[in-house]
Amino acid sequence: MNTPPASTDRRHSWVSLAVILLVVMGGSQAWSWWRGDRAAEAVRVHSAQAEITMFTTDTCPYCEQARQWLNRHQATWQECNIDQNQACQRLFQARGSPGVPLLHVNGLWRLGFDPVWLAEALQSRPKTDKSPRP
């Protein structure tokens, strides 16, 4: 009886593991792209009926990424730059937020930019502001 060497079995196991990892990673990327694409369409459609306000600073790289995303997907939104506008700075400080970008949509607050959250917030009913924190 002729049996394959143990090194061939191990090599086959590593190749199988690599293929499984590639399939899982590819599926994850496809799922992420699909969710982002659906969120972008929802934001584009629903942003005209709601008010999106994003609190930003001049030096925040995440704010710049969020600006580019919103503009690229033709969202209707307002920027409230706390470095350039005293009224924006007072509103931001009243929230007690630890950073920017800070979004306000339909009475909901979110620290950090998340397109999926934004799409869901735009489709929710307006809420009243009760909490001093995001």
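Phe55 is a buried residue of this predicted model, with a relative accessible area of 3%. Its ring is paired with that of Phe92, and the pair is tilted, with 6.4 Å from centre to centre and 40° between the planes. Phe92 is likewise buried, at a relative accessible area of 11%. Because Phe55 lies in strand β1 and Phe92 in helix α3, the pair ties together parts that are 37 residues apart in sequence. Ring pairs also bring in Trp109, so that Phe55, Phe92 and Trp109 are linked into a cluster, and a search of the whole structure finds three aromatic pairs.

From Phe92 the reader can turn to the helix that carries it. Helix α3 spans residues 86-95, and its buried residues are Cys88, Phe92 and Arg95. Seen down the axis of α3, these buried residues fall within an arc of 55°, and therefore they line one face of the helix. On the other side of α3, the residues Gln86, Arg90, Gln93 and Ala94 are exposed. The buried residues of α3 are covered by elements that include β1, β2 (78-81), β3 and β4 (108-111). The two ends of the helix have features of their own: at the start of α3, a side-chain oxygen of Asn85 reaches to within 2.8 Å of the backbone nitrogen of Ala87, while just after α3, Gly96 takes a positive phi of about 75°.

Strand β2, one of the elements covering α3, holds Asn81. Although its side chain makes polar contacts, Asn81 counts as buried, at 9% relative accessibility. One of these contacts, of 2.8 Å, joins the side chains of Asn81 and Asp58, and the side chain of Asn81 also reaches the backbone nitrogen of Gln84 at 3.2 Å. When its neighbours within four places in sequence are left aside, Asn81 is in contact with Thr56, Thr57, Asp58, Arg67 and Cys88, and Cys88 is one of the buried residues of α3.

The next subject is the nonpolar interior. In soluble globular proteins, nonpolar side chains tend to be buried together. Here the largest nonpolar core has 20 residues, of which Val43, Ile52, Leu70, Val105, Leu118 and Leu122 touch the most other members. Two or more residues of this core come from each of α1 (6-46), β1 (52-56), α2 (61-72), β3 (102-105) and α4 (115-122), and α4 gives the largest share, six residues. A second, separate core has 10 residues, among them Cys60, Cys88, Leu102 and Trp109.

Helix α4 itself is mostly covered, since seven of its eight residues are buried, namely Pro115, Val116, Trp117, Leu118, Ala119, Ala121 and Leu122. The N-terminal end of α4 is capped by Asp114, a side-chain oxygen of which lies 3.1 Å from the backbone nitrogen of Val116. Several residues of this helix meet Val105: apart from its neighbours within four places in sequence, Val105 is in contact with Glu51, Ile52, Trp117, Leu118, Ala121 and Leu122. Among these partners, Ile52, Leu118 and Leu122 appear, together with Val105, in the group that touches the most other members of the largest core.

Notes. Residues numbered from 1 in each chain as written. Predicted model: local features only at pLDDT ≥ 70, side-chain atom pairs only at ≥ 80, totals over all residues. Heavy atoms only, no water. Core = buried A, V, L, I, M, F, W, Y, C linked by side-chain atoms within 4.5 Å. Buried < 20%, exposed > 50% of the residue type's maximum accessible area, 1.4 Å probe, protein only. Helix = DSSP H or I, 4+ residues; strand = E, 2+ residues; numbered from the N terminus. Contact = heavy atoms within 4.5 Å. Arc of directions from axis to C-beta. Polar contact = N/O pair within 3.5 Å; in protein donor to acceptor, adjacent residues only side chain to side chain. Phe/Tyr/Trp six-rings, centres within 6.5 Å; stacked < 30°, edge-to-face > 60°.
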